[in-house]
Every structure is written in C-alpha cells, then in structure tokens.
Amino acid sequence: AYPVLLAMADQDDDLVYNMTKAMVELFPEYDGNAPGISGWALDKQDFTWVAPYHEGAIRYFEERGVWSEEAQKHNDMLLARQAALKAAWDELKAEDPENWEAAWDAKRREALKAGGFAVVF
C-alpha cells in the first residue's frame with residue numbers, strides 16, 4: 001500500500017521517508033477507522049507488486065529490515081518499465097496520431113516488448 005504514486009515521484013526523499021515512517025508507526029492509531037485500512041499494516045505489504053517505491057520509503061523499509069534484494073531488483077525493473085513507457089508516450093505525442101487510443105496501444109506494446117517487459121494487456 002506504500003508504493004510511489006506518480007504525484008509523489010518528485011517529492012523530497014526525507015519527506016517521503018517521514019510520511020512512510022508515520023504511516024507505519026502510527027498504524028495502530030488509525031487501524032479500523034476505514035474499510036480495508038488493515039491492508040496498510042506493515043506485515044501486509046507486497047514489495048514486489050505493480051508500482052515502484054520511492055527512495056525515501058525504501059530507506060525506511062531498509063531500516064526496518066523488511067526491504068530485500070528481491071524487492072530492490074523488482075523495484076528497479078518497475079522504474080525501468082516506467083521510463084520505457086514514458087519515452088514511448090513522448091515519442092507518440094510528437095507523432096500526434098489521428099487515432100491516439102489505437103496508436104498508444106501499439107506503441108505501448110512495442111516499447112514493453114523491446115524492453116523485455118511483460119505485455120499483460
């Protein structure tokens with residue numbers, strides 16, 4: 001539940017570190033106050049899920065001893081995947097296709113395949 005959101009990607013490492021620390025360490029104070037909030041518990045985190053983690057959050061998880069080499073490898077792959085998709089998006093914007101949806105579908109698949117990433121859909 002702590003992966004980086006696009007809006008957080010450019011945030012200061014210390015800010016994200018402290019936000020992550022607060023979410024983890026204050027969890028007992030807000031647990032049970034909203035449906036599904038139990039998924040924010042540290043023991044429920046999947047560090048090899050679909051969104052990359054911010055360096056500030058990683059630093060906190062390393063300190064806690066829950067960040068692994070597997071998690072780092074997966075995170076690095078996700079960041080490379082996002083970079084490949086961003087480059088493809090920028091190329092397509094410059095091409096200004098008439099049918100954006102169809103062109104993006106093809107461009108996205110092409111970029112993922114060229115980068116060795118799974119093309120799920």
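**Figure 1. The loop that holds D96.** D96 lies in the loop between α4 (69-95) and α5 (100-114). The model shown here and in the other views is predicted. Phi of D96 is near 50°, a positive value in a residue other than glycine. Most residues other than glycine have a negative phi. The relative accessible area of D96 is 62%, and D96 counts as exposed because this value is over the cut-off of 50%.

**Figure 2. The whole chain, for orientation.** The chain contains five helices and zero strands, and its elements run α-α-α-α-α from the N terminus on. Along the principal axes, the C-alpha atoms fill a box of roughly 50 × 30 × 25 Å. The radius of gyration of the chain is 17 Å, whereas a compact globule of 121 residues would have one near 14 Å. Of the contacts with a separation of 6 or more, 52% are accounted for by residues 24 or more positions apart.

**Figure 3. The largest nonpolar core.** This core has 12 residues, among them V16, Y17, V24, L42, F47 and W67. Helices α1 (13-25) and α3 (55-64) each supply at least two of its residues. The most comes from α3, which gives four residues. Another core, of seven residues, lies apart from the largest one and includes L85, A88, L92 and F117. In soluble globular proteins, nonpolar side chains tend to be buried together. Over the whole chain, buried residues make up 31% of the 121 residues.

**Figure 4. A118 and its contacts.** A118 is found in the segment after α5. Which residues does A118 contact, leaving aside its neighbours within four places in sequence? The contacts are with R81 and L112. Along the chain, A118 and R81 are 37 residues apart, and their C-alpha atoms are separated by 9.4 Å. Is A118 buried or exposed? A118 has a relative accessibility of 55% and therefore counts as exposed, the cut-off being over 50%.

**Figure 5. M19 and D14 in helix α1.** Helix α1 holds M19 as well as D14. M19 has a relative accessibility of 41% and counts as partly exposed. D14, with a relative accessible area of 42%, is also partly exposed. Both values fall between the cut-offs of 20% and 50%, so neither residue is classed as buried or as exposed. The C-alpha atoms of M19 and G56 are separated by 8.9 Å, with their positions 37 residues apart along the chain counted as the distance apart. For D14 and S68, 54 residues apart along the chain, the C-alpha separation is 21 Å.

**Figure 6. Surface and charged side chains.** The accessible surface of the chain comes to about 8100 Å². Carbon and sulfur atoms hold 55% of this surface. The chain carries 12 positive and 23 negative side chains. How far apart do the centres of the two sets lie? The centre of the positive set and the centre of the negative set are 4 Å apart.

How values were computed: Residues are numbered from 1 along each chain as its sequence is written. This is a predicted model: local features need pLDDT of at least 70, side-chain atom pairs count only at pLDDT 80 or more; totals for chains, interfaces and linings use all residues. Side-chain values use heavy atoms; hydrogens and water are left out. A nonpolar core is a set of buried Ala, Val, Leu, Ile, Met, Phe, Trp, Tyr and Cys residues joined through side-chain atoms within 4.5 Å. Buried means under 20% relative accessible area, exposed over 50%, partly exposed in between (1.4 Å probe, protein chains only). The radius of gyration is taken over C-alpha atoms; the globule rule is 2.2 Å times the number of residues to the power 0.38. Contact means heavy atoms within 4.5 Å. Accessible areas come from the Shrake-Rupley method with a 1.4 Å probe; for residues, only the protein chains shown count as cover. Lys and Arg count as positive and Asp and Glu as negative; His and the chain ends are not counted. The place of a charge is taken as NZ of Lys, CZ of Arg, CG of Asp or CD of Glu.
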